[in-house]
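User: I am new to this structure and would like a close look at one part, the surroundings of the ligand, together with the parts of the chain that frame it. Please take me through it slowly and in connected steps.

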Amino acid sequence: MTKGYEFYGAEVSYFSGKVRAYLRYKRIPFSEITPSREIYRTIIMARVGWPVIPVVVTPEDETWQDSSEIIDNFEARFPEGDIYPEGAKQKLAALLIEAYADEWLKIPAMHYRWTKNRDWAISEFGRLSRPDFRCGSTSFSRRRRSLRNRRPRLLPLGENSMPSTVRWTKPGR
Ligand SMILES: N[C@@H](CCC(=O)N[C@@H](CS)C(=O)NCC(=O)O)C(=O)O
């Protein structure tokens, strides 16, 4: 039996959600693999060179990274039910909406994840990183504390940006 599409992604990951929704919409069979520390080391770092999700490994053993490239590659293989509207202007509009969601909606998404859903996000990242730690165990609590004390890296978040992010997503406040 040939290997199917392997999708390395997580519920907590913004860009994994984009690819997962696409795969479900197109009804493309895939298996989702949780990116544990071990998977980051042996698959993602080995194939991509930096720690990132989503990643797709194809049945031919190709590695695809970047949600837009993953979707474009799937579209080339599964053209039926094109996800883009007909017409060049309409396609341009669809691509601009994608760029807006990728680059700008990410800001409020990260803001609300790390303010309103911080505990959940920390638990999720802990669970992904060390699925071998049982919830409530000493190792689990230690790992949770160490994540809690770490500021999210590489995110467009900061004390100064918070009020404007909230104003942007909640007009009138
Ligand atoms: N442009 C990339 C962005 C991927 C991305 O930012 N992934 C996040 C999780 S949603 C990540 O793994 N970040 C870790 C990092 O960038 O070091 C895409 O569309 O796939």
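Analyst:

**The ligand shell and its setting**

Among contacts in the chain between residues at least 6 apart in sequence, 60% join residues at least 24 apart. This is a predicted model, and its chain holds eight helices and four strands, which follow one another along the sequence in the pattern β-α-β-α-β-β-α-α-α-α-α-α. Of the 173 residues in the chain, 13% are buried.

With that outline in place, we can turn to the ligand itself, which is surrounded by 13 residues, the closest being S13, Y14, F15, V52 and S67. Two elements give two or more residues to this shell, namely helix 1, which spans 14-26, and helix 3, which spans 67-77; helix 1 gives the most, with three residues. Sorted by class, the shell around the ligand contains seven nonpolar, four polar and two charged residues.

Helix 1 also belongs to a wider arrangement, for together with strand 1 and strand 2 it makes a right-handed β-α-β unit. The two strands of that unit, strand 1 at residues 5-8 and strand 2 at residues 30-33, pair in the parallel sense over four bridges, and one of the bridge partnerships joins Y5 to F30 in strand 2.

The next step leads to the largest nonpolar core, which has 14 residues, and in which F7, Y8, V19, V55, V56 and I70 touch the most other members. Strand 1, helix 1, helix 2, strand 3 and helix 3 each supply at least two residues of this core, and helix 1 gives the most to the core, with three residues. As a general background to such a grouping, nonpolar side chains in soluble globular proteins tend to be buried together. Taking V55 as one example from the core, and leaving aside its neighbours within four places in sequence, we find this residue in contact with Y8, I44, V48, T63, W64 and Q65.

Just before strand 3 there is a detail of the backbone that deserves a careful look, since the peptide bond from I53 to P54 is cis, with omega near 5°. P54 lies in the loop between helix 2, which covers 37-47, and strand 3, which covers 55-57.

Further along the chain, two aspartates have backbone angles worth noting. D61, in the loop between strand 3 and strand 4 (63-65), has a phi near 75°, a positive value in a residue other than glycine. D61 counts as exposed because it has 9 C-beta neighbours inside 10 Å, where 12 or fewer is the limit for that class. D66, for its part, is found in the loop between strand 4 and helix 3, and its phi is near 100°, again a positive value in a residue other than glycine. Because 16 other C-beta atoms lie within 10 Å of its own, D66 is partly exposed.

Finally, a look at the later part of the chain completes the picture. M162 is found in helix 8, which runs over residues 162-169, and with 12 C-beta neighbours inside 10 Å it counts as exposed. The C-alpha atoms of M162 and I107 are separated by 9.9 Å, although these two residues are 55 residues apart along the chain.

To return to the part you asked about, helix 1 gives the most residues to the shell around the ligand, and helix 1 likewise gives the most to the largest nonpolar core.

Definitions and conventions. Residues numbered from 1 in each chain as written. Predicted model: local features only at pLDDT ≥ 70, side-chain atom pairs only at ≥ 80, totals over all residues. Near = placed C-beta within 6 Å. Nonpolar A, V, L, I, M, F, W, Y, C, P; charged D, E, K, R; others polar. Buried ≥ 20, exposed ≤ 12 C-beta atoms within 10 Å, placed from the backbone. Pairing = 2+ DSSP bridges. Right-handed = clockwise from strand over helix to strand, strands pointing away. Core = buried A, V, L, I, M, F, W, Y, C linked by C-beta atoms within 7 Å. Contact = placed C-beta atoms within 7 Å.
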